[in-house]
Amino acid sequence: MQLLTDRASIESLAQSSRLVVLIGSYDGNPNFGDVMQLSGALDALHALRPLITPMIVIEAESYQEHLRIASAYPEVFADTIIACFIDDGKELDPSGLERLPHIASADPACIYFYGGGYANNLWGQRKAMLASGIMDWLSQTGKRTQDLPVFITGVQIEPSLLAEEHPLLHWFRKASFCRLRDPESSRLLEPELPIATAGTDDALPVLIDAVSSGRPAEKDPFFTVGIHFNAEPYAAGRADTIQASLEATLTELKERVHGKLILRQILAYEGGWVRESIYSNTISDLAIKIGADIGEPIDISIGTNTSALGSLHAAISCSYHTTMATCLRSIPTLMVVRNEYYEQKLQGLRVWFQEDLLGMLSKNSDPATAACFLSPEFKPKANLLQLSVLCRADTRRSSSAIGAVLVAAIEAEVAALARISLEASAEASRLRGLIGTHLLVPEYKASTPTQVDEQNNIKNVGGIPPAWYRRKMWRRMVFHSRGKPRGWVRFLVLKDKTGTPRPALRRFLFKKNGVIRPQFAAWHSGLLGR
């Protein structure tokens, strides 16, 4: 695997001190739920941003789509690092990307597995490969990778993760904090990781804020149903069976609605290998069959148009996060369930939304009952206040857990620096004791052989008898018999041969007023002349 990035990320990396590596559902593609989950994870790190720099791991082939999403959320992606992975041998337009350099300034703080339904055989191995690739890059940079803290929030666990020694399970076992998004996930992982608990989805607080802060959309004058259609194998499965269920349910609903019935397609995944707009003809054919009209599609794939969902009266969805978004706006929603994966998603959502707001459309659902659930007679309300309190509590727990690790790391760094400072101070004191006693050694004045001979023959040099500086062995270790400092003293006291003193030993050469001590004047001036 190759690790690429862009120029802006390289500049951010050069200025970073600690990295939080984020690996989750977002791979760079415009998937509504993935973008919202990443945004929620980054919000949990908001209070820690002065101390850390988030490194977001995506697929390199989705980089161009990522730029479009990042431009829509400049405040979310500001001062982040984008790490783009591509498999060896895969061709890619390198425009805007280059190899991620091994810059040694930033230390890894933790690996953060944020939300998504990827803890299974379909996507789990890829996420584990991304984590291992990041660890390889960090180790090549010379950074510590053993015992690096692991955090998990908002992930859905499937039984397939536990069926064998899954590589992602290897990472999850290391977690020091684990908050999953539904009770079943917590029950499944708890035997492997006792600290696993159930909490909220990472996208939930972001979507609640969008509902609370946004201006309520006006309802369409005619009864409007939003249809999110996704027939991918991991979602609802075969398109013909979904279409049959929709046709039967909407035919019943048409009889209960006074006036027009309008269908509007909801696009939640519009990029990469999934483009839900390919089902637009399916929905148009469905509208013709039941005698309904077609409205403008609602594209929420990058999360910037969720307020348009407020114009709907009801919704049918094949998406976990689309269902969450409509329920938060108190829109009765039927979630299409065709497999155990989506059954678990539905049960997780029902922890937060009542059954009069969230229903299920399965292969065996009664069309009349389903239509009654969507009909205008029902006007349920989502309890945003209660959900907001839950989300804030979960966000605080996540932030506190990561913050505690950062504080511990900072304390360890401070302690290490203190030890180094004490050792340096002790060494400086020892050197002062060794050299400071020799500052009364006479000036070195000899510069020619004749002068050397004359100086050696005199009894006193600078008023000090030769016996003072000639007879003691420890003094002779520092000075020649004629008073000149030995070569090793030069290397100890000076940074270079031009006479630049080392900062810690500057006072050995100079007085407080900056004047060089007489004993070293001739010797030092000779160096300056070189």
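The paragraphs below lead through a predicted model of one protein chain, from its overall make-up to its sheet, its cores and one helix pair.

Because the model is predicted, local features are given only where pLDDT is at least 70 and side-chain atom pairs count only at pLDDT 80 or more, whereas totals for chains, interfaces and linings use all residues. Residues are numbered from 1 along each chain as its sequence is written, and side-chain values use heavy atoms, with hydrogens and water left out.

The secondary structure of the protein chain comes to 20 helices and 20 strands, where helices (H or I, at least four residues) and strands (E, at least two) are DSSP runs numbered from the N terminus. Of the 530 residues in the chain, 53% are buried, a term that stands for under 20% relative accessible area, with exposed meaning over 50% and partly exposed lying in between (1.4 Å probe, protein chains only). Contact means heavy atoms within 4.5 Å, and among the contacts between residues at least 6 apart in sequence, 74% join residues at least 24 apart.

A good place to begin is the open sheet of nine strands, whose order is β5-β1-β4-β3-β2-β6-β8-β10-β11 and whose pairing is mixed; two strands are taken to pair if DSSP finds at least two bridges between them. Its edge strands are β5 (98–99) and β11 (197–198), each of which pairs on one side only. Within this order, strand β4 (residues 81–86) is mostly covered, with six of its six residues buried. In a regular strand the side chains alternate between the two faces of the sheet. In β4, I81, A83 and F85 point one way and I82, C84 and I86 the other way, and all are buried. Strand β1 (residues 2–5) pairs with β4 in the antiparallel sense over three bridges, and L4 stands opposite C84 there. Strand β3 (residues 53–59), by contrast, runs parallel to β4 and is joined to it by five bridges, with E59 opposite F85. Further along the order, strand β2 (residues 18–23) and strand β6 (residues 107–113) run parallel and are joined by six bridges, and the bridge partner of V20 in β6 is C110.

These strands also lead into the nonpolar cores, each core being a set of buried Ala, Val, Leu, Ile, Met, Phe, Trp, Tyr and Cys residues joined through side-chain atoms within 4.5 Å. The largest has 74 residues, and those with the most contacts inside it are L22, Y112 and F353. Helix α2 (residues 32–44) gives the most to this core, with seven residues. Apart from this core lies another, of 40 residues, among them L19, M55, I111 and I152. Returning to Y112, and not counting residues up to four places away in sequence, its contacts are V20, V21, L22, I23, A41, A44, L45, F151, T153 and I402.

A second strand with both faces covered is β13 (residues 261–267), in which seven of seven residues are buried: L261, L263, Q265 and L267 lie on one side and I262, R264 and I266 on the other. Strand β12 (residues 223–227) runs parallel to β13 and is joined to it by five bridges, with R264 in β13 as the bridge partner of G226. In the parallel sense, β13 also pairs over two bridges with strand β16 (residues 293–294), where I294 is the partner of L263, and over two bridges with strand β17 (residues 298–299), where I298 is the partner of I266.

The last stop is helix α9 (residues 239–256), which holds S245. S245 counts as buried because its relative accessible area is 15%, and, leaving aside neighbours within four places in sequence, S245 is in contact with R338, L361 and S362. The C-alpha atoms of S245 and A370 are separated by 9.9 Å, although the two residues are 125 apart along the chain.

How does α9 pack against helix α13 (residues 367–374), and at what angle? The two helices pack at about 55°, with their axes 8 Å apart, the axes being lines fitted to C-alpha atoms over the stretch in contact and the angles running from 0 to 180 degrees between N-to-C directions. That makes α9 oblique to α13, since angles under 35 degrees count as roughly parallel, over 145 as roughly antiparallel, 65 to 115 as roughly perpendicular and the rest as oblique. In this pair, A248, T249, E252, L253 and R256 of α9 meet P367, A368, A370, A371, C372 and L374 of α13.
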